[in-house]
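Visitor: I would like a close look at one part of this model. Please walk me through it step by step.

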Amino acid sequence: MPPPHQEPPKLGETVEAPKGIMGRIARTIVPVRYEVVCYECEYAFQVSGQIHETTCPKCRARLKGGDYVIDKEWFQPIRTTGNVQFLPGAVLRGVDVTAKDISLAGSTEHGGLHACRRLELWPGARFDITKLRVKDLVVRRGARFILAQAIRCRNVEVEGELNAIIFAEGLVTLRSGGLLAGEIDCARLFVEEGGGLEAHVCVGARSSAPSANVLVGIGRNHSLEIPGRN
Ligand SMILES: [Zn+2]
């Protein structure tokens, strides 16, 4: 059962805490801090509250904000520090979309996606791997992809199935029920119990203590190759 709908308190608004042993206590909402990633230079910084426009403290670019939810054909380029969601049936045609987080359950036709932070791929997503730029890649449960070209990113999380050549400078996480195949070169690897790993894996090649970077649960097929160990 979802909780009953309740409007979240606005910034600076004082709300009453539930009655308890202390009686009625008022608490003041502290402004929420949001991460902004500059779409010009990729510098990440924090702001208080949601913003429509801001200036990157590093490259001084003026940055536009705003979120988009797209459920039809889309022909306009987007550059935003907000998020873009392509619902099933959405088609990106011939333009590029740059956003902080992008969620793709639709398809791209001659259009590029640049996720300054995270790209989530949902079942039914169709895209051109040569036109993807991502920092963190998430393959949601039920989604299955074979990537024809190697992908370079920071972190990867797989709940569904992914067959790819991955160079991740950060953490690769394989969730229970997920399947990861291909070749993986990453700094750290975490495999949940029930995650299937059928890949040639190279973990922490740049680390002096590679074994400390691997955490493996009980999966289906593991073939791990750790530099300096046999
Ligand atoms: Zn910048």
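Visitor: Among contacts in the protein chain between residues at least 6 apart in sequence, what percentage join residues at least 24 apart? After that, please take me to strand β10 and its surroundings.

Guide: The share is 10%. Keep in mind that this is a predicted model. The protein chain has 23 strands and zero helices. It holds 230 residues, and 29% of them count as buried.

Now to strand β10, which covers residues 83–86. One face of β10 is covered, and Val-84 and Phe-86 belong to that face. The other face is uncovered, with Asn-83 and Gln-85. Here is the general pattern. In a regular strand, side chains alternate between the two faces of the sheet.

Next, the partners of β10. Strand β7, residues 68–70, runs parallel to β10, and three bridges join them. Take one pair there: Val-69 in β7 has Gln-85 in β10 as its bridge partner. Strand β12, residues 97–104, also runs parallel to β10. Four bridges join these two strands. Here Val-84 is paired with Ile-102 of β12.

Follow Ile-102 into the largest nonpolar core. This core has 50 residues. Ile-102 is among the members that touch the most other members, along with Leu-104, Leu-113, Leu-119, Leu-121, Val-172 and Leu-180. In soluble globular proteins, nonpolar side chains tend to be buried together.

Look at Leu-104 too. Not counting residues up to four places away in sequence, Leu-104 touches Phe-86, which brings us back to β10. Its other contacts of this kind are Leu-113, Leu-119, Glu-120, Leu-121, Trp-122, Ala-125 and Phe-127.

There is also an open sheet to see. Three strands form it, in the order β8-β11-β13, with parallel pairing. Strands β8 (73–74) and β13 (107–109) stand at the edges, each with a single partner strand, so one side of each has no neighbour in the sheet. Strand β11, residues 91–93, is joined to β13 by three bridges. In one of these pairs, Leu-92 has Thr-108 of β13 as its bridge partner.

Last, confidence. The mean pLDDT of the protein chain is 83, and 76% of its residues reach 70 or more. Residues 11–23 fall below 50, and this stretch has 15 contacts in the model beyond near neighbours in sequence. Residues 207–212 are also below 50, with nine such contacts. Where pLDDT is low, the predicted coordinates should not be read in detail.

Definitions and conventions: Residues numbered from 1 in each chain as written. Predicted model: local features only at pLDDT ≥ 70, side-chain atom pairs only at ≥ 80, totals over all residues. Pairing = 2+ DSSP bridges. Buried ≥ 20, exposed ≤ 12 C-beta atoms within 10 Å, placed from the backbone. Contact = placed C-beta atoms within 7 Å. pLDDT = per-residue confidence, 0-100. Core = buried A, V, L, I, M, F, W, Y, C linked by C-beta atoms within 7 Å.
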